[in-house]
Amino acid sequence: GEVCDMINKKYNEFLPSMQSAEELVSQVDGLSSNIDLLKAGIENEVQRDLNVAVAEFTELKQQLERDTLVLSVLKKLQEFDTAIKEYNAALLEKKYVAAAQQLEKARSSLKTLESRKGFELKILKALGRELTVQTQNMLYHLGEEWQKLAVWKLPPTKEGSSLESAVRSELHLHTVPSKEEDVAGPPLASVLQAFAVLGELRTKLKTFGQLLLKYILKPLISYPSLQPFTEEQADVFILRFKSDEPNLDHSSPMEVFDKIKLVFEVLHKYLLNVPLKQPVEQEKERRVILAELLGDLIWEELSDCLIQNCLVDSIPTNSSKLEQYIEVIKSTEEFEKALKDMQFLKGDTTDLLKYARNVNSHFANKKCQDVIVAARNLMTSEIHNTVKITPDSCVALPKLPDPEAGDHLQTPKTPEPLHNSMVNLENGTKLSQYTFSLPTCRISSSVEKLMELAYQTLLEATASTDQCCIQLFYSVRNIFQLFYDVVPTYHKENLQKLPQLAAIHHNNCMYIAHHLLTLGHQFRYRLTNILCDGAATFVDLVPGFRRLGMECFLAQMRVQKGEILERLSSARNFSNMDDEENYHAANKAVRQVLHQLKRLGKVWQDVLPVNVYCKAMGTLLNTALTEIISRIVALEDISAEDADRLYSLCRTMVEEGPQIFTPLPEDNKNKKYQEEVPVYVQKWMTFKELMIILQANLQEIVDQWADGKGPLAAEFSAAEVKSLIRALFQNTERRAAALAKIK
């Protein structure tokens, strides 16, 4: 009991005062001898007198256990105290590794104390705080040392990352071993090893890695004109940049790899080539490889940056350059090997190398991307810049490969027109050159270029690897799908408002449809082998394009028809022409219609194919004539003066109507089409018969009818003729007789 009191008493004194270690040691010695006495007491008494009550024995045993526990706690406290003392001493002498190891010892003593159940001491919290403070203090000292070893000289931050700020960034490494090592302060190894012992090495390197990426590695990738250069002085090694005159937008991967390699070589030689031990408590003692640790921290970001800003741009855009790309793949392999030798990289092929080796697929993707972008630009350019095409127009193309030639063919550079001249059918029959020919008309120059792009891309496809060939074939199909979707929407307003654009768009669609008929055919040998079911064709797109062109043009025709009827509706139904005002209104309406048609005839001239032009103009003139006929036939009363005036209005239409047919710019060539007006204007003869009636007497009308066999009967029904007779003539015997003959 009194031993226990003694311990307690000592303990109570001990706690607040935390006396010096010497006292602690002598107390521990005293306590130890007490315990030895106890032990001897137990053994002697037990041996001397086995009859002593078990109760007494048990009590002694418990007391022993309590004392042993107290002793072990005191020992740990003593260890903690010693460790902190030695840490302080080592830190003063800048023996960083020793200091760090003492801190870790103190930490493990504290851990043991905290794990003792039923023994929560208030002091443990205080010790924990003390340890944290000392650790932070140590890290601060190490941080200061590290900053002296690797010094960043950076431009003011607000400038962001630009070529100018990159040129002004420098890294100074004060790690050059100097002759008199003692004076030089702690070498690099001890600082880094101390970080490792404290478990802070990774954090330190991560910060360093981020600076390295931001101020050195990424600028070297982004700015081709930036050159790293190094300078070694007595006690410092400097890495800085100079900027050459930029001659390229992108430097080759080879150049970029060399620059980056240089940076890693410097780091390897002057900063990271330090052997470090793993902290003790990791069982298998393993060397920490600094380069590998840094590599782990920055490689992913560095490799992404190299792919996006260097390899992507180096992917060739035509297949002839693919051969040379082998160099890039080789230099990527060498770059990775160099980094592995310096231990920045471990393991197998990285994403960077995979990307470089996968050049065929990237080539295809880039090519397809370029094709679609080019196509889209063409589709959104102006429609009204046109070129004339004729039946023997052709798409200028490099010479097509011989069907039997192998995959790897060098395409000759001289374009050779691809004529539609003779197409050989399978059974040897020949089709005339005009079977597939286009009528002369105007199309947008952008559409001609679009077609050239399609042919060029297919030609490129035939010279590519299978995978690439398939991708390019589908991107050509995409061009046409895109045209179908983009053009009508993008140019919607103009196609509705401007009749000339509607006509050009109609031609564009017919031109595309025409080429789509044979487009797959020229490349079929190469494409059919690869594409399943020999689907190397565009024929399925033809009806859609024809419909697209027709619909747009018909919509424009409806607009024009609407305007004609609108103008004629102001002619006061052509009734009471003897009234000056009425006659003036009707005359004006007829003049306006003719003016509208002449203007349209000019706008479509030399644009539409002649046959389409004549049909369209004929249809519109016919609309006007039909409307005038139906108005006049509906009149109930036509005086002699009315008839004369109506006749002169009709004569204006008949005389000037044909003049709207001017499909060609050379006037003398248009006569032929003007004489053929009855062919294109369905109601032309009806209109002429109506004029005859307006001037004829009853007998002449009866003769024209000729028992339903005459020219009049061919154009009007009996009811219409009777109605006209009633309107034109007074009700007399002769009229009644004439009406009786019309049946």
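**Aromatic pairs and an enclosed cavity**

Phe480 is buried, with a relative accessibility of 1%. Its environment is described here from a predicted model. Phe538 is likewise buried, at 0% relative accessibility. Both values fall under 20%, the limit for a buried residue, so both residues belong in that class.

A pair of aromatic rings is described by the distance of the centres and the angle of the planes. The model holds 13 aromatic pairs. One of them joins Trp299 and Phe335. Their ring centres lie 6.5 Å apart, and their planes meet at 35°. Stacked pairs have planes under 30 degrees apart and edge-to-face pairs over 60, so this pair is tilted. The contact bridges distant parts of the chain. Trp299 belongs to helix α10 (residues 290-314), and Phe335 belongs to helix α11 (residues 325-341). The two positions are 36 residues apart. Trp299 and Phe335 are both buried.

Phe480 and Phe538 make an aromatic pair of the edge-to-face kind. The centre-to-centre distance is 6.0 Å, and the angle between the planes is 80°. This pair, too, links distant parts of the chain, with the two positions 58 residues apart. Phe480 lies in helix α15 (residues 466-490). Phe538 lies in the loop between α18 (524-530) and α19 (542-568). Both rings belong to one aromatic cluster. Its other members are Phe473, Tyr474, Phe483, Tyr484 and Phe545.

An aromatic ring also meets a charge in this model. The charged end of Arg645 sits over the ring of Tyr583. The distance to the ring centre is 4.6 Å.

Enclosed space was examined next. Rolling a probe the size of a water molecule over the atoms shows where empty space is left. One cavity of 30 Å³ or more was found. The volume of the largest cavity is about 70 Å³. Helices α13 (359-379), α14 (445-462) and α15 each give two or more residues to its lining. The largest share, three residues, comes from α14. Phe483, a member of the aromatic cluster, is among the lining residues. Others include Leu378, Met379, Ser381 and Ile383. Ser444, Ser446, Val447 and Leu450 also line the cavity. Val487, His491 and Asn508 complete the list. By class, the lining has seven nonpolar residues and five polar ones. No charged residue takes part in the lining.

Note on methods:
Residues numbered from 1 in each chain as written. Predicted model: local features only at pLDDT ≥ 70, side-chain atom pairs only at ≥ 80, totals over all residues. Heavy atoms only, no water. Helix = DSSP H or I, 4+ residues; strand = E, 2+ residues; numbered from the N terminus. Buried < 20%, exposed > 50% of the residue type's maximum accessible area, 1.4 Å probe, protein only. Lys NZ or Arg CZ within 6 Å of the ring centre and 35° of its normal. 1 Å grid on protein atoms, 1.4 Å probe; cavity = no way out; pocket = protein on both sides within 12 Å on 5 of 7 lines; lining within 4 Å. Points joined across faces, edges and corners; volume = space filled by probe spheres on them. Nonpolar A, V, L, I, M, F, W, Y, C, P; charged D, E, K, R; others polar.
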